Amino acid sequence: MLGQNLTKLLRGPATAFYRLRMDGLFGGVAIQHGNNKPKSLHKTRRIWLPNIQKVTVYSAILDKKLKLRMTSRILRTIDKKGGLDNYLLETKDKNIASELGLELKQTLQKALQAK
């Protein structure tokens with residue numbers, strides 16, 4: 001009994017561990033959790049973290065390089081769409097799903113209107 005309470009106390013609240021930061025482009029990917037289930041059928045809890053990379057990406061409309069945190073999935077999508085600007089302008093707001101991404105999209109739209 002004491003050992004279980006001690007581990008909970010050392011780990012802290014579970015909700016703090018599963019929070020997703022909104023300062024990058026993640027495309028709706030989040031931390032997932034579940035069980036490892038080996039041949040012995042003894043289930044143990046584990047988590048799967050998204051593959052987040054720190055990348056420098058060029059924006060042609062803003063004419064500058066941006067250092068962003070994004071998943072490898074979003075990097076492939078940016079390549080497919082033809083650059084960061086096209087990705088942000090063509091993707092729906094609900095699919096961008098981050099505060100930083102929506103701010104970048106608004107600044108790109110304002111820069112396009114100013115030209």
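Is Thr-91 buried or exposed? In this predicted model, Thr-91 sits in the loop between H4 and H5, and its relative accessibility is 10%, which lies under the 20% limit, so Thr-91 counts as buried. The side chain of Thr-91 has a polar atom that lies 2.5 Å from the backbone oxygen of Tyr-87. If residues up to four places away in sequence are set aside, Thr-91 touches Ile-96 and Lys-105.

Lys-105 leads us to helix H6, where it is one of the buried residues, together with Gly-101, Leu-104, Leu-108 and Ala-111. These residues cover an arc of only 125° around the axis, which means that they lie on the same side of H6. A general rule helps here: an α-helix has 3.6 residues a turn, so residues three or four places apart point the same way. The face of H6 that is turned away from the buried side carries Glu-99, Lys-110, Gln-113 and Ala-114, which are exposed. As for what covers the buried residues of H6, the list includes strand E3 (52–59), strand E4 (64–71), helix H4 (84–90) and helix H5 (93–96). The length of H6 can also be checked, because 16 residues (99–114) at 1.5 Å a residue should span 22 Å, and the end C-alpha atoms are 23 Å apart, which agrees.

Just before this helix comes Ser-98, in the loop between H5 and H6, and with a relative accessible area of 2% Ser-98 is buried. A polar atom of its side chain lies 3.1 Å from the backbone nitrogen of Gly-101. Not counting residues up to four places away in sequence, Ser-98 touches Met-22, Gly-24 and Leu-25.

The two strands that help to cover H6 also belong together, since E3 and E4 run antiparallel and are joined by eight bridges. Across this pairing, Lys-54 stands opposite Arg-69 in E4. The hairpin of E3 and E4 has four residues between the strands, and in it Asp-63 takes a positive phi near 55°.

Strand E4 also contains Leu-66, which counts as buried at 13% relative accessibility. Leaving out residues up to four places away in sequence, Leu-66 touches Val-55, Thr-56, Val-57, Ser-59, Leu-84 and Leu-104. Of these partners, Leu-84 is 18 residues from Leu-66 in sequence, while their C-alpha atoms are 9.9 Å apart in space. Leu-84 in turn is in contact with Leu-25, Val-57, Tyr-58, Leu-66, Leu-68 and Ile-78, when neighbours within four places in sequence are left aside.

In soluble globular proteins, nonpolar side chains tend to be buried together. In this model the largest nonpolar core has 15 residues, and those with the most contacts inside it are Leu-25, Leu-68, Met-70, Leu-84 and Leu-88. The elements that give two or more residues to this core are E4, helix H3 (72–81), H4 and H6.

Finally, we can follow the chain into the segment after H6, where Lys-115 lies. Lys-115 has a relative accessible area of 69%, which is over the 50% limit, so Lys-115 is exposed. Along the chain Lys-115 and Ile-61 are 54 residues apart, yet their C-alpha atoms are separated by 9.5 Å. Between these two residues, a polar atom of the Lys-115 side chain lies 3.5 Å from the backbone oxygen of Ile-61.

Definitions and conventions: Residues numbered from 1 in each chain as written. Predicted model: local features only at pLDDT ≥ 70, side-chain atom pairs only at ≥ 80, totals over all residues. Heavy atoms only, no water. Expected span 1.5 Å × (residues − 1). Buried < 20%, exposed > 50% of the residue type's maximum accessible area, 1.4 Å probe, protein only. Arc of directions from axis to C-beta. Contact = heavy atoms within 4.5 Å. Polar contact = N/O pair within 3.5 Å; in protein donor to acceptor, adjacent residues only side chain to side chain. Core = buried A, V, L, I, M, F, W, Y, C linked by side-chain atoms within 4.5 Å. Pairing = 2+ DSSP bridges.
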